[in-house]
Amino acid sequence: MLVLKFIWMEKNIGIALDQMVPGVGSIPLSPYYFWPRKDAWEELRAKLEEKEWISQKQMIILLNQATDIINLWQQGGGSLST
């Protein structure tokens with residue numbers, strides 16, 4: 001199972017990709033990509049495309065989730081209280 005991890009900060013949001021392996025735990029598949037310092041969505045897309053074993057459908061789901069969280073972060077201005 002693939003999961004996105006986030007670091008929610010006031011001026012940036014970090015996005016990373018991990019693989020959850022039963023009995024082992026979380027295995028990092030990417031570093032954290034920080035938006036808006038760089039285009040974290042584009043960096044995540046490139047990393048997903050490198051992993052040939054990740055289906056197109058799974059990639060779209062993960063990128064849509066990243067988009068939703070980035071949009072939520074933008075709307076709140078980095079604040080979790082909104």
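This passage describes the strands, the nonpolar core and the helices of a predicted model, followed by several individual residues.

Strand E2 pairs with E1, E3 and E4. Pairing between E1 and E2 is antiparallel and extends over seven bridges. Within this pair, Ile7 lies opposite Gly14 of E2. The connection from E1 to E2 is a hairpin of four residues.

Strand E2, covering residues 13–21, also runs antiparallel to strand E3, residues 25–28, and four bridges join the two. Met20 is placed opposite Ser26 of E3. These strands likewise form a hairpin, here with three residues between E2 and E3. Gly23, in the turn of this hairpin, has a positive phi of about 80°. Val24 belongs to the loop between E2 and E3 as well. A third antiparallel pairing, over three bridges, links E2 to E4. In this pairing, Ile13 has Trp35 of E4 as its bridge partner.

The largest nonpolar core contains 18 residues, of which Leu4, Ile15, Leu17, Leu44 and Leu48 touch the most other members. At least two residues of this core come from each of strand E1 (2–8), E2, E4, helix H1 (40–50) and helix H2 (56–76). The most is given by H2, which supplies six residues. The surroundings of Leu48 can be listed in more detail. When residues up to four places away in sequence are not counted, Leu48 touches Leu17, Ile54, Met59, Leu62 and Leu63.

Helix H2 has 21 residues, and at 1.5 Å a residue it should span 30 Å. The C-alpha atoms at its ends are 30 Å apart, in agreement with that expectation. Buried positions in H2 are Met59, Leu62, Leu63, Ala66, Ile70, Trp73 and Gly76. Viewed down the axis of H2, the buried residues fall within an arc of 155°, so they line one face of the helix. On the other side of H2, the exposed residues are Lys57, Asp68 and Gln75. The elements that cover the buried residues of H2 include E1, E2, E4 and H1.

Ser30 is located in the loop between E3 and strand E4 (33–35). With a relative accessible area of 10%, Ser30 is buried, because the cut-off for this class is under 20%. The side chain of Ser30 reaches the backbone nitrogen of Leu17 at 2.9 Å. Leaving aside residues up to four places away in sequence, Ser30 touches Ala16, Leu17 and Lys47.

Lys47, a residue of helix H1, is likewise buried, with a relative accessible area of 17%. Its contacts, again not counting residues up to four places away in sequence, are with Leu29, Ser30 and Tyr33. The contact between Ser30 and Lys47 thus involves a residue of the loop between E3 and E4 and a residue of helix H1.

Glu49 is also found in helix H1. Glu49 is partly exposed, with a relative accessible area of 46%, whereas Lys47 is buried. Val24, in the loop between E2 and E3, is exposed, with a relative accessible area of 62%; this value places Val24 in the exposed class because that class begins over 50%.

Two separations describe the position of Val24 relative to other parts of the chain. The C-alpha atoms of Val24 and Met9 are separated by 29 Å, with the two residues 15 places apart along the chain. For Val24 and Glu49, which are 25 residues apart along the chain, the C-alpha atoms are separated by 25 Å.

Key: Residues are numbered from 1 along each chain as its sequence is written. This is a predicted model: local features need pLDDT of at least 70, side-chain atom pairs count only at pLDDT 80 or more; totals for chains, interfaces and linings use all residues. Side-chain values use heavy atoms; hydrogens and water are left out. Two strands pair if DSSP finds at least two bridges between them. Buried means under 20% relative accessible area, exposed over 50%, partly exposed in between (1.4 Å probe, protein chains only). A polar contact is a pair of N or O atoms within 3.5 Å; within protein, one must be able to donate a hydrogen and the other to accept it, and residues adjacent in sequence count only if both atoms are side-chain atoms. Contact means heavy atoms within 4.5 Å. A nonpolar core is a set of buried Ala, Val, Leu, Ile, Met, Phe, Trp, Tyr and Cys residues joined through side-chain atoms within 4.5 Å. The expected span of a helix is 1.5 Å times one less than its number of residues. The arc is that of the directions from the helix axis to the C-beta atoms.
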